[in-house]
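User: Could you take a close look at one part of this model with me? I would like a connected walk through it and its surroundings.

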Amino acid sequence: MDELNLLRSARSDTPVPGAALNRGRAALLERAGSGAPSARGAEPRAKRRGQRIAVGTLTTVGAAALATTLVFANVVGLAGWRGGADAAAAAVLEEASAAAITSVDPVLTPGQYLRVNTRGVHLSSGGIGDVVASYQYLSDDTLYRPADPADDWVWVRGPQSVYATFGEESEAMADAWWRAVSESDSFESGDLLRAPGGAFYGGSAQAGFDDLDALPREPYQLLNYIYRVTLGAGPSPDTEALVFMADRLRTGVVPADLRAAMYQAAAMIPGVEFVDDQATLDGRTGVAIGRVEDAWGTRMEIIIDPTTGEFIGEREVAVRDLADEGLPAGTIISWTAVVIDVVDGAPAGGTPYGKMDPCHDGASGC
């Protein structure tokens, strides 16, 4: 089904002239190819992540023009007409979407909590003198979300620890970090926070992902929406779209209908491919679907259970040697596994700022 038919099925009351759609397509392609090649491939991957500059071969002016085109009532956009996932990945995502849409979201009664555990490995880089190296550390956090979102949320930040090093310089960097953690009262050594409405550190429990209710549930519109709001972020629109979805799925609170739409939207992203049907993440096995990003030299992956539509987690894998970080090809750079369940209580104690609050330990004068 092409985007014209998709639009008609989603908005049956809106006539869409084919000529206007074709003009929009042509204009979009012209603007998308109007810039000079980007030189960002030479930058370290860690520095490129999160930059908001012109995307790929787009100039700043071209990016602005593209944004204007994408706003055109969701009629013309990048979704659905530049290709999509390979056949194997598309089949898995379709199966997962069908399973997710029939699943039932957890229902909490007063006094209960949705417990979301996120355990993962992350890459950190640092320097001592002229030596710069990377190492991995492990985190293990649990968020307790109450039946009434206005009540107190509880966040248990588990102590972090060194997970892996890559040579002598990497080991020295990790040892220096661990000594600093051991000598400080920082959150890296563990923390307990409690805040009404989840306003930890004065912000939001969703860490900026409180847009779930507003996201479109129609896959075509959802993907175009993501392309618009992430325009200029990341190394390419397609990788950034997959990252956008993974960031929200990682919260563990994406409702079933949106999860189903995200899987279908992911199937419309060019370059998305089937990776492994026995991908194990922190002891759980699912199907890995990913996309190689040449600018980073890595493959971004989401791991799902297609029979239930459950999101198991995400990971990033080096597809070539990353000399800047001392990582050989094939290294799993980072991963996060998500487990959710319903519990009847949450740990006592904690403040909105945890150890950053001078009164967290009952100090005198507080």
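How much space lies in the second largest pocket?

Analyst: Happy to help, and please keep in mind that this is a predicted model. The second largest pocket holds about 710 Å³ of space. Its lining is made up of 27 residues, and those closest to the pocket centre are L114, G252, V253, V254 and P255. As for secondary structure, β2, β9 and β10 (332–343) each supply at least two lining residues. The largest share comes from β10, with three residues.

Let us start from P255 in that central group and step along the chain to A256, which is placed in helix α9 (residues 256–266). A256 has a relative accessible area of 4%, so it counts as buried. Leaving aside residues up to four places away in sequence, A256 touches A100, I101, S103 and D105. A256 also has a distant partner in sequence: P106 is 150 residues away along the chain, yet the two C-alpha atoms are 9.9 Å apart in space.

Next comes β2, one of the strands that supply the pocket lining. The aromatic side chains of this strand deserve a look of their own. A search of the whole structure finds seven aromatic pairs. In one of them, the ring centres of Y135 and W177 are 5.7 Å apart with the planes at 35°, so this pair is tilted. The two partners sit in distant parts of the chain, with Y135 in strand β2 (residues 131–146), W177 in helix α6 (residues 168–182), and their positions 42 residues apart. Both rings belong to buried residues: Y135 has a relative accessible area of 4%, while the value for W177 is 16%.

W177 has another partner in β2. Its ring centre lies 5.8 Å from that of Y137, and because the planes meet at 35°, this pair is tilted too. Here again the pair links distant parts of the chain, β2 for Y137 and α6 for W177, 40 residues apart. Y137 has a relative accessibility of 19%, so it counts as buried under the 20% cut-off. Taken together, ring pairs link Y135, Y137, W177 and W178 into a cluster.

The other strand to follow from the pocket is β9, which also contributes to its lining. This strand leads on to an enclosed space. The whole structure has two cavities of 30 Å³ or more, and the second largest has a volume of about 30 Å³. Lining this cavity are L242, V243, A246, M300, E301, I302, E314 and R315. At least two of the lining residues come from each of α8 (237–249), β8 (298–305) and β9 (310–318). In the chain around the α8 contribution, R248 lies over the face of F244, at 3.6 Å from the ring centre.

Finally, a word on helix α7 (residues 219–229). Eight of its 11 residues are buried, so the helix is largely enclosed by the rest of the structure. The buried residues are P219, Y220, Q221, L222, L223, N224, I226 and Y227. One detail sits at the start of α7, where a side-chain oxygen of E218 comes within 3.0 Å of the backbone nitrogen of Y220.

How values were computed
Residues are numbered from 1 along each chain as its sequence is written. This is a predicted model: local features need pLDDT of at least 70, side-chain atom pairs count only at pLDDT 80 or more; totals for chains, interfaces and linings use all residues. Side-chain values use heavy atoms; hydrogens and water are left out. Helices (H or I, at least four residues) and strands (E, at least two) are DSSP runs, numbered from the N terminus. Buried means under 20% relative accessible area, exposed over 50%, partly exposed in between (1.4 Å probe, protein chains only). Contact means heavy atoms within 4.5 Å. A polar contact is a pair of N or O atoms within 3.5 Å; within protein, one must be able to donate a hydrogen and the other to accept it, and residues adjacent in sequence count only if both atoms are side-chain atoms. Rings of Phe, Tyr and Trp (its six-membered ring) pair if their centres lie within 6.5 Å; planes under 30 degrees apart count as stacked, over 60 as edge-to-face and the rest as tilted. A charge sits over a ring if NZ of Lys or CZ of Arg is within 6 Å of the ring centre and within 35 degrees of the ring normal. On a 1 Å grid over the protein atoms alone, a cavity is a set of points where a 1.4 Å probe fits but cannot get out, and a pocket is an open set with protein on both sides within 12 Å along at least five of seven lines; lining residues have an atom within 4 Å of a point. Grid points are joined across faces, edges and corners, and a volume is the space filled by probe spheres set on the points.
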